[in-house]
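I opened my notebook for a slow walk through this structure. Here is what I looked up, in the order I looked.

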Amino acid sequence: MNRVRNPYSPGAGTPPPALVGRGKQIKDMDVVLQRRLLGKPAKSMMLTGLRGVGKTVLLNEFSKTALRLEYVHEHVEANENIDFPSMVASTMRKILLRLNARQRLAGKVQRALGVLKAFSVRLPNGPEFTIDVEAVPGPADTGDLTSDLSGLLCEVGDAAQATGTGVFVTIDEIQYLAPKDLSALMVGLHRVAQLSLPLLIAGAGLPSLPGLLGEAKSYAERMFDFPEIGSLTPPDAAEAIVVPASDEGVAWDEDAVQLVVDLTQGYPYFLQEFGKQSWDLAPGQNRITRNDVASSVEVTLAELDTGFFRVRIDKTTDAERAYLRAMATVGPGPHPSSDVATLLKKTTRQLGPVRDGLIKRGLCYAPRWGEIAFTVPMFDGFMRRLMP
Ligand SMILES: Nc1ncnc2c1ncn2[C@@H]1O[C@H](COP(=O)(O)OP(=O)(O)OP(=O)(O)O)[C@@H](O)[C@H]1O
Ligand SMILES: [Mg+2]
């Protein structure tokens, strides 16, 4: 097949050629964004799900909706080493400068910039603040993150409202925030919601996210729904494969589609990769057969192994790999951690630090107390191929 016209798009956050199965979340978020502009209460979303299911793609869809509604929008991605207060400061700075550009000299925007200046000055590694405003002491410079963040978010929300618009921030990989930071964020957002201010956050993270909320959980549940984003249903998965090809005048045989759906279990990233490789390797001009799919399996797996799967374990230690390999021996999971320990001839206690490291790095999560599971779908197969 003509590789130039290959429509499939495996990649991190790469928009799929056909975005299927997520209509409900997109519609719901549209309603939430519209309601908040009107000062009405509405729960935002924290998307949770395994690697490669389409959380980032969905967050990006939310952003597009927000921009259409003329929200001021910023997207941030957390990581293991994030300095959350600094991230907030620089994000809010960008937002306020945009608000300022929309409505110069609006008193509330100027004030919020001053509050932000005072907030930033308190931070040990706060970003340089080069805007010429006087710091406004009081609302956000006590040194207590929960209280300061709350103060700052309310000022920004107030500034947005005064400018006749809303602020929308998307936070990806939100599971990397420390529980104390997440908690401060939830308390702050709760205050913003109580004041009906048009400042809204949507997030995406691994399934470990709800557990990280700890004491902030009751706040979080009042402000967010936590929809689980997962693999696509077989009809949706088939659509994700068939529609992009048909847009290019190429047809998939029904049994070929079925094979892809079976092999991928409907996981979006795998659908894109299998679609892409089958297309590239198919000898025909306008048709993809079951045979084409079958003969591309080896190449596709190799591609996944050196890309999608491989990047996850790049920074792991030998002990961590041994742990992951033992999990893979037990099966796809979730597993009782004690089973993994037994296999490694250690106690769960001895393995605690290894397990915690894997969770912190986002490779595993604990679905329930005493259990452990991969955050990457079909990771057990990869570990067995990597360490036969
Ligand atoms: N609804 C969908 N239909 C078809 N393909 C999709 C869909 N959603 C995402 N994809 C594809 O799946 C892949 C992974 O998407 P994305 O990066 O958004 O996943 P993710 O959940 O954010 O993964 P990670 O946890 O690794 O960041 C991309 O190649 C994207 O094009
Ligand atoms: Mg993502």
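**Entry 1: salt bridges.** I began with charged pairs and found 18 salt bridges in the structure. A reminder to myself that I am reading a predicted model. Side chains of opposite charge can pair when their charged atoms come close. The pair I picked out was arginine 51 with glutamate 173, whose closest N and O atoms are 2.8 Å apart. What does this pair tie together? I traced arginine 51 to the loop between strand S1 (44–48) and helix H2 (55–68), and glutamate 173 to the loop between S3 and H6, so the salt bridge links parts that are 122 residues apart in sequence.

**Entry 2: the backbone at glutamate 173.** I stayed with this residue and checked its backbone. Glutamate 173 is not a glycine, yet its phi is positive, at about 55°. I noted for context that most residues other than glycine have a negative phi. The loop that holds glutamate 173 leads from S3 to helix H6, which spans 179–194.

**Entry 3: the five-stranded sheet.** S3 sent me to its sheet next. I read the strand order as S2-S3-S4-S1-S5, in an open sheet with parallel pairing. Which strands stand at the edges? They are S2 (72–77) and S5 (224–225); each has a single partner strand, so one side of each is left without a neighbour in the sheet. I then followed S2 to its partner: six bridges join S2 to S3 (residues 167–172), and the two run parallel. One partnership I wrote down is valine 72 with valine 167 in S3.

**Entry 4: the three-stranded sheet.** I found an open sheet with the order S8-S10-S9, and here the pairing is antiparallel. Its edges are S8 (335–336) and S9 (364–365), each with a single partner strand, so one side of each has no neighbour in the sheet. Two bridges join S9 to S10 (residues 371–374), running antiparallel. Tyrosine 365 has alanine 373 in S10 as its bridge partner.

**Entry 5: a cis peptide bond.** Just ahead of S8 I stopped at proline 334, in the loop that follows helix H13 (318–330). Is the bond from glycine 333 to proline 334 cis or trans? I read it as cis, with omega near -5°. Most peptide bonds are trans, which is why I gave this one its own entry.

**Entry 6: domains.** I took the bounds from the domain assignment, which gives domain 1 (23–225), domain 2 (232–312) and domain 3 (316–386). I looked at how domain 1 meets domain 3: seven residues of domain 1 and eight residues of domain 3 make the contact. Their C-alpha centres lie 34 Å apart. Between them the two domains bury about 690 Å², with 65% of that on carbon and sulfur atoms. On the domain 1 side, Leu50, Arg51 and Glu80 supply 56% of the buried area, more than any other three residues. I was pleased to meet Arg51 again here.

**Entry 7: polar pairs across the interface.** How many salt bridges cross between domain 1 and domain 3? I found zero. I did find two residue pairs in polar contact across this interface, both at pLDDT 80 or more. The domain 1 side that touches domain 3 is made up of four nonpolar, one polar and two charged residues.

Technical notes. Residues are numbered from 1 along each chain as its sequence is written. Chains are lettered from A and ligands numbered from 1 in the order in which they are written. This is a predicted model: local features need pLDDT of at least 70, side-chain atom pairs count only at pLDDT 80 or more; totals for chains, interfaces and linings use all residues. Side-chain values use heavy atoms; hydrogens and water are left out. Domain bounds come from an automatic or database domain assignment. Contact means heavy atoms within 4.5 Å. Buried area is the accessible area (1.4 Å probe) that two parts lose on being put together, summed over both. A salt bridge is a side-chain nitrogen of Lys or Arg within 4 Å of a carboxyl oxygen of Asp or Glu. A polar contact is a pair of N or O atoms within 3.5 Å; within protein, one must be able to donate a hydrogen and the other to accept it, and residues adjacent in sequence count only if both atoms are side-chain atoms. Ala, Val, Leu, Ile, Met, Phe, Trp, Tyr, Cys and Pro count as nonpolar, Asp, Glu, Lys and Arg as charged, and the others, Gly among them, as polar. Two strands pair if DSSP finds at least two bridges between them. Helices (H or I, at least four residues) and strands (E, at least two) are DSSP runs, numbered from the N terminus.
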